[in-house]
Amino acid sequence: MITHDEVNQLVNYTAREGIAISFFLNTDGSERSKNIWDIETKDLVKNARREVLKLDTNRRYIEAADENLKHIQKFISSESLPPKFKSIAIFSNPVENFYQIYRLPVPIKSKIILDANFYLRPLLSLLEERHRIGVILVDSRHARLFELYLGELVEHNDFFAKTKSPRKPLMETFMKREKRLMQRREEDIRFHLSSVADQLKLHYRLGHFDKLIIGARKPLGDHLARLLNRKVHDNLLGVTEIDIHAPEAEVLAVALRKEKEFESEEERRLLRKISDEIEKDGYAIKGIKNVTESLNNFNVQTLAIADDFSREGLACQQCGMPHYEGKTCVCCGEQLVQVSDIVYDLAEEAARQGAVVRHIHSDPLIKSLENVASIIKFRKGELVRTEEAVETEA
Ligand SMILES: [Zn+2]
């Protein structure tokens with residue numbers, strides 16, 4: 001699983017020595033076979049090795065990078081990837097002993113980038129789109145925390161141990177002994193739930209989850225929900241009954257179902273907003289032509305694309321900007337070339353411009369939006385009109 005810390009490590013990485021190599025391979029099984037991705041890797045590595053040898057830098061760095069590229073090729077040819085994974089990303093710099101491999105459930109366009117920093121655009125855009133979901137299981141004495149991300153579930157094994165707090169002052173303990181057993185038991189549970197809530201706040205701050213599911217018998221789950229820190233509570237997806245000893249597979253199934261429900265809701269909300277805006281001629285557009293042109297004008301705030309949508313198109317050889325028509329790039333004036341799937345380029349460029357990219361998996365509304373639509377930042381001519389109006393008033 002890609003942890004929050006690993007992502008931070010990648011983002012903050014700058015090679016002091018050596019060359020940072022970012023490798024992406026689209027292994028989407030529905031359209032491609034292992035044979036094809038082997039050949040593709042060979043081509044990518046061949047070109048990258050040529051590029052490395054031309055670099056004007058330390059001989060040792062070049063040799064290490066060259067070895068590293070060969071190593072990547074060997075690794076890919078021995079890799080057998082379960083079909084649920086659709087791409088592999090490798091970030092490496094052998095001179096600094098840096099090596100991270102990720103198998104991802106979403107396709108990313110194949111490429112190799114050599115630089116001092118890792119090329120993270122497509123990865124970050126993908127990560128941003130998906131939620132990290134915490135599942136907290138509690139009963140009256142115990143608690144377990146799981147983290148679900150990109151379809152993978154891991155348990156935080158130290159969670160419960162950390163919820164235990166130091167003993168209370170002796171005097172109080174002595175007095176409590178005198179109380180009726182029921183009352184003491186009640187206090188113990190309340191105390192247990194409060195420390196679970198405290199511990200959850202900490203894990204939330206550490207980026208271990210951004211959405212939470214509570215699994216507990218009634219009414220314990222609802223009590224815990226009430227004790228949550230406000231921010232954590234705002235991100236509660238629901239309270240459901242799961243046994244504290246439930247096997248991981250069961251926790252995973254429940255978490256995936258909740259995640260899907262939540263994502264469908266989010267998708268629907270976004271698509272409705274886009275439709276509403278289009279209807280009143282507001283801040284949204286649809287269709288590949290309009291969206292591509294808006295992107296050319298750096299005017300996309302949120303991009304929604306049907307998961308199964310692809311389309312031939314044009315892209316700039318130099319800067320990668322996708323185009324709907326024309327011969328030269330609107331940004332840099334370079335020649336445009338035909339690309340087999342402009343949708344990848346569209347998503348990548350949108351991410352580069354800082355837009356949110358949403359792949360729509362299930363909602364039929366995206367079809368009526370011609371498979372691709374976006375919320376835009378401004379309407380054509382709007383700012384000039386505003387300025388003119390102000391000037392006239394003055
Ligand atoms: Zn260009």
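Helix H12 is followed by Gly354, whose phi is positive, near 90 degrees. Helices here are DSSP runs of H or I with at least four residues, strands are runs of E with at least two, and both are numbered from the N terminus. This is a predicted model: local features need pLDDT of at least 70, side-chain atom pairs count only at pLDDT 80 or more, and totals for chains, interfaces and linings use all residues. Residues are numbered from 1 along each chain as its sequence is written.

Stay with H12. It spans residues 342-352, and 10 of its 11 residues are buried, so the helix is largely enclosed by the rest of the structure. Buried means that 20 or more other C-beta atoms, placed from the backbone, lie within 10 Å of the residue's own; 12 or fewer is exposed, and in between is partly exposed. The buried set includes Tyr344, Asp345, Glu348 and Glu349.

H12 also feeds a nonpolar core. Such a core is a set of buried Ala, Val, Leu, Ile, Met, Phe, Trp, Tyr and Cys residues joined through C-beta atoms within 7 Å. The largest one has 35 residues, and Ile274, Leu303, Ala304, Ile305, Ala347, Ala350 and Ala373 touch the most other members. H12 gives this core its largest share, 7 residues. Apart from it lies another core, of 30 residues, among them Phe146, Leu212, Val239 and Val254. In soluble globular proteins, nonpolar side chains tend to be buried together.

Now take Ala347. Leaving aside neighbours within four places in sequence, Ala347 is in contact with Ser125, Leu303, Ile305 and Val357. Contact means C-beta atoms, placed from the backbone, within 7 Å.

Ser125 leads to helix H4, residues 121-129, where the buried residues are Pro122, Leu123, Ser125 and Leu126. Down the axis of H4 they fall within an arc of 165 degrees, so they line one face of the helix. That arc is taken from the directions from the helix axis to the C-beta atoms. These residues pack against strands E1 (20-26), E2 (87-93), E3 (98-104) and E15 (356-360), and against H12.

How do H4 and H12 meet? Their axes come within 9 Å and cross at roughly 85 degrees. Axes are lines fitted to C-alpha atoms, for helices over the stretch in contact, with angles from 0 to 180 degrees between N-to-C directions. The two helices are therefore roughly perpendicular, a label for angles of 65 to 115 degrees. Arg121, Pro122 and Ser125 of H4 make the contact with Ala347, Glu348, Ala351 and Arg352 of H12.

Conventions. Two residues are in contact if their C-beta atoms, placed from the backbone, lie within 7 Å. Angles under 35 degrees count as roughly parallel, over 145 as roughly antiparallel, 65 to 115 as roughly perpendicular and the rest as oblique.
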